[in-house]
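Here is a brief tour for a reader who has not met this structure before. Start by turning the model slowly on the screen, then read on.

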Amino acid sequence: MASTAKRLLEQLTHPGPHDVLRGDLALVGLPGVVFTPRTGLDLPAVAFGHGWLQPPGRYHGLLRHLASWGIVAAAPATHRGILPSHRLFAADLRTTLEIVTTLRLGPDGISVNPAKLGLAGHSIGGGAAVLAAARGDNREGPRVRAVATVAPAQTMPPATAAALGITASGLHLAGEDDLLAPATGNAEAISKAWAGPVQLRIVPKMTHLGVTEGAHWSQILLQGKPQYSVQRHVRALFTAFFLAELTGDETYRELLDSDLKAARISYENEATRTPA
């Protein structure tokens, strides 16, 4: 099983079979970016929240990767200041899902299935994704089926409190060497409060900015720098997770069920999964 999971992990680190288009959310009133497969109907979609002080451009590789595997991936470019509103950032993530669900995407009429929605994020964007998912479960916005975070950080209001009401599946990745959002008090606390099925994985040697791409002035203030191996493994695990939870594709379930050297399972709660 370990060898199969390792093979699946390696497979998903490479781009998928779809050509990818890039669009601008600002055209419909919300600053940000959206990546889509060139064609497709009833596609799954994920809204991604950026980390503290980070532009969405630092995650374009991840968003493009998800789109290459058939997942519409969009990221708002709001609340990038020193004192962002986590609550309003969560609202923008929900708005992003509403936009990609209701508007025509691409020249060939790409469409998103409103029953196949997910949320994701890094750092405070991960915490905001948790807040956004809780609002959806409380019928105050789009209802999501899956939430994936990397190095999630606590928010105001607390992401841990929001997690108590989330029944969607969760995947949380924490960095072994993350000094800004260590697992204890952040990803671990969020995972143990999660109401639905959830998994926490620890990524070896990952720093807080390991998942980001390219250079940015915030590296002077924040811990870490882009790590290529971390980016590859996050892309693979996010892709497997969203394909399984949003589309019902069990091809990569063994990867999600296996303990990996590249991302070892630290906590898991296998609550009843809702069929896709």
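Ala-262 has a relative accessibility of 19%, so it counts as buried, the cut-off being under 20%. This is a predicted model. Ala-262 sits in the loop between α8 (253–257) and β9. Leaving out residues up to four places away in sequence, Ala-262 touches Leu-9, Ile-202, Val-203, Pro-204 and His-233. Gly-57 is 205 residues away from Ala-262 along the chain, and their C-alpha atoms are separated by 25 Å.

## The whole protein

Now step back. The protein has eight helices and nine strands. Its radius of gyration is 17 Å, close to the 19 Å that the globule rule gives for 276 residues, so the protein is as compact as a globular protein of that length. Along the principal axes, the C-alpha trace spans about 45 × 45 × 35 Å. Of the 276 residues, 58% are buried. Among contacts with a separation of 6 or more, 77% join residues 24 or more positions apart.

## The sheet

In what order do the nine strands of the open sheet lie? The order is β1-β2-β4-β3-β5-β6-β7-β8-β9, and the pairing is mixed. The edge strands are β1 (20–24) and β9 (264–269), each of which pairs on one side only. On average, neighbouring strands of this sheet are turned by 15° against each other, direction ignored.

Begin at the β1 edge. β1 and β2 (residues 32–37) run antiparallel and are joined by five bridges. Val-20 has Pro-37 of β2 as its bridge partner. Two helices pack on the sheet here. Helix α2 (residues 60–68) touches β1, β2, β3 (43–49) and β4 (72–76). The direction of α2 makes about 30° with that of β2. Helix α3 (residues 86–102) touches β2, β3, β4 and β5 (112–122). The direction of α3 makes about 155° with that of β3.

Next comes β7. How many of the seven residues of strand β7 (residues 169–175) are buried? Seven of its seven residues are, so to speak, covered: the strand is mostly covered and each of those seven is buried. On one side lie Ser-169, Leu-171, Leu-173 and Gly-175, and on the other Gly-170, His-172 and Ala-174. Both faces of β7 are thus covered.

β7 pairs with strand β6 (residues 146–150) in the parallel sense, over five bridges. Thr-149 stands opposite His-172 in β7. β7 also pairs with strand β8 (residues 198–203) in the parallel sense, over six bridges. There, Leu-173 has Arg-201 of β8 as its bridge partner. Helix α6 (residues 187–193) joins β7 and β8 in a right-handed β-α-β unit.

## Two helices

The table sets α3 beside α7.

| Helix | Residues | Expected span | Distance between end C-alpha atoms |
|---|---|---|---|
| α3 | 17 residues | 24 Å | 24 Å |
| α7 | 20 residues | 28 Å | 28 Å |

For α3, the expected span and the end distance agree at 1.5 Å a residue. The buried residues of α3 include His-86, Phe-89, Leu-93, Leu-97 and Val-100. Polar names also appear among them, such as Asp-92, Arg-94 and Thr-96.

For α7 (residues 228–247), the two values agree as well. Is α7 largely enclosed or largely open? Of its 20 residues, 17 are buried, so α7 is largely enclosed by the rest of the structure. Arg-232 is found in this helix. With a relative accessibility of 18%, Arg-232 counts as buried. Arg-232 is in contact with Glu-10 and Thr-13, leaving aside neighbours within four places in sequence. Just after α7, Gly-248 takes a positive phi of about 80°.

## Backbone exceptions

Most residues other than glycine have a negative phi, and most peptide bonds are trans. Three places depart from this. His-79 is not a glycine, yet its phi is positive, at about 55°. His-79 is placed in the loop between β4 and α3. With a relative accessible area of 23%, His-79 is partly exposed.

Ser-123 also has a positive phi, near 60°. Ser-123 lies in the loop between β5 and α4 (124–137). At 3% relative accessibility, Ser-123 counts as buried.

The peptide bond from Met-156 to Pro-157 is cis, with omega near 0°. Pro-157 lies in the loop between β6 and α5 (159–163).

Terms used:
Residues numbered from 1 in each chain as written. Predicted model: local features only at pLDDT ≥ 70, side-chain atom pairs only at ≥ 80, totals over all residues. Heavy atoms only, no water. Pairing = 2+ DSSP bridges. Helix = DSSP H or I, 4+ residues; strand = E, 2+ residues; numbered from the N terminus. Axes fitted to C-alpha atoms, helices over the stretch in contact; angles between N-to-C directions. Contact = heavy atoms within 4.5 Å. Expected span 1.5 Å × (residues − 1). Buried < 20%, exposed > 50% of the residue type's maximum accessible area, 1.4 Å probe, protein only. Right-handed = clockwise from strand over helix to strand, strands pointing away. Rg over C-alpha atoms; globule rule 2.2 N^0.38 Å.
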